[in-house]
Amino acid sequence: MRSSALLALLLGSSVCLGAPHFHKRGAGSLSRNCGVHISIERLEAAERKFSSSRLPPGNPNATATIDVHFHVVAANQTYEGGWVPDDQIKSQIDVLNKDYADTGLKWNLVNTTRILSKEWFEGVAPESPENTALKQVFRFGNESTLNVYTVGFVTNSEAKGLLGYATFPADYKSNPKDDGVVIRYSTLPNGKAAPFNLGRTLTHEVGHWVGLYHTFQGGCAEPGDHVDDTAPESSAANGCPKKRDTCPGGDPDPITNFMDYTDDSCMTGFTKGQAVRMKAQVRTYRGVNV
């Protein structure tokens, strides 16, 4: 029996085989680099659509639990190859629930799929053929199901240094198989991507998945991120620059917000306005009754 066939039997039917190989990349080259970028034209069109189709507010105290399918894409069965342990995945879901505790959204891990593929672990990147192939095979559920994929961001030049990327709720209908969140495996709690190893990369990317923009979207100009209670910010903040104030006449920059670019330890929460927006987005586009 060939070794790959034997490995498939040992690991189960949820594993996709690929030749194990990993090119190690040091965490020191990382910054809070999110692959979610939206043009002004696309943003304005999305906001016009949202304004016209937005469902009425529900009970402001309503909560909803969203199922999570976690996909571990690995080059081999070592941590350096992306094979993150189950306890890190559990810790990540705990962080997600803690960070969204005041928003009305809760997260329930229903399944973990482990996928052995050097090609996907190294090559998945925004709009890449590997991204499409992976999600075509492994995305589960409907518009209200969160699919999370952990990868290495190794070979694609546009993805090196990337921490993650996500899709927006309004995009689901046009391309349901692409829906979900992709993050660097080492950003999970206790991972090796310090200072981005407390699990806040998934918190940030899920923020996009529920309809939030970056706090610095649009710079100092109105309407910015389309949330009234996040202070305007001319550009992304890095590290944890206390008292940073890049837009005159307003409050200091929201450097502790989960939708900025600061270190994990600097991020502490969402605003009430962001909670209102995310609930409206998932109610309108994801069929979540919240």
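In this predicted model, the crossing of helices α3 and α6 is right-handed. Helix α6 also packs on an open sheet of five strands, where α6 touches β1, β2, β3, β4 and β5. The points below begin with the two helices, continue with the sheet, and then turn to the backbone and to the record.

**The helix pair**

- Two packed helices are described by the angle between their axes and the distance between the axes.
- For α3, which covers residues 86–99, and α6, the axes come within 9 Å and cross at roughly 55°.
- An angle of roughly 55° falls neither under 35 degrees nor in the range of 65 to 115, and α3 and α6 are therefore oblique to each other.
- On the α3 side the contact is made by Gln92, Val95, Leu96 and Asp99, and these meet Arg200, Leu202, Thr203 and Val206 of α6.
- Sorted by character, the residues of this contact between α3 and α6 comprise four nonpolar, two polar and two charged ones.

**The sheet and the helix on it**

- The five strands form an open sheet with mixed pairing, and their order across the sheet is β2-β1-β3-β5-β4.
- At the edges stand β2, with residues 105–116, and β4, with residues 164–166, each of which pairs on one side only.
- Neighbouring strands in this sheet are turned against each other by 20° on average, with direction ignored.
- Strand β3, residues 146–151, pairs with strand β5, residues 181–184, in the parallel sense over four bridges, and Val148 stands opposite Val181 in β5.
- Helix α6, residues 200–209, packs on this sheet, and the direction of α6 makes about 160° with that of β5.

**Backbone details in the loops**

- Most residues other than glycine have a negative phi, and most peptide bonds are trans.
- A cis peptide bond joins Ala194 and Pro195, with omega about 10°, and Pro195 is found in the loop that lies between β5 and α6.
- The peptide bond from Glu222 to Pro223 is also cis, with omega near 0°, and Pro223 belongs to the loop between α6 and α7, the latter being residues 272–285.
- Phe153, a residue other than glycine, has a positive phi near 50°, and Phe153 lies in the loop between β3 and β4.

**What the record says**

- UniProt, in an unreviewed entry, places the feature "domain: Peptidase M43 pregnancy-associated plasma-A" at residues 141–282.
- In the model, the end C-alpha atoms of residues 141–282 lie 15 Å apart, and this span is 15% helix and 9% strand.

Notes: Residues are numbered from 1 along each chain as its sequence is written. This is a predicted model: local features need pLDDT of at least 70, side-chain atom pairs count only at pLDDT 80 or more; totals for chains, interfaces and linings use all residues. Side-chain values use heavy atoms; hydrogens and water are left out. Two strands pair if DSSP finds at least two bridges between them. Axes are lines fitted to C-alpha atoms, for helices over the stretch in contact, and angles run from 0 to 180 degrees between N-to-C directions. Contact means heavy atoms within 4.5 Å. UniProt positions are given in the numbering used here, feature names are shortened, and annotations may be inferred rather than shown by experiment. Angles under 35 degrees count as roughly parallel, over 145 as roughly antiparallel, 65 to 115 as roughly perpendicular and the rest as oblique. A crossing is left-handed if the near helix is turned anticlockwise from the far one by less than a right angle, and right-handed if clockwise. Ala, Val, Leu, Ile, Met, Phe, Trp, Tyr, Cys and Pro count as nonpolar, Asp, Glu, Lys and Arg as charged, and the others, Gly among them, as polar.
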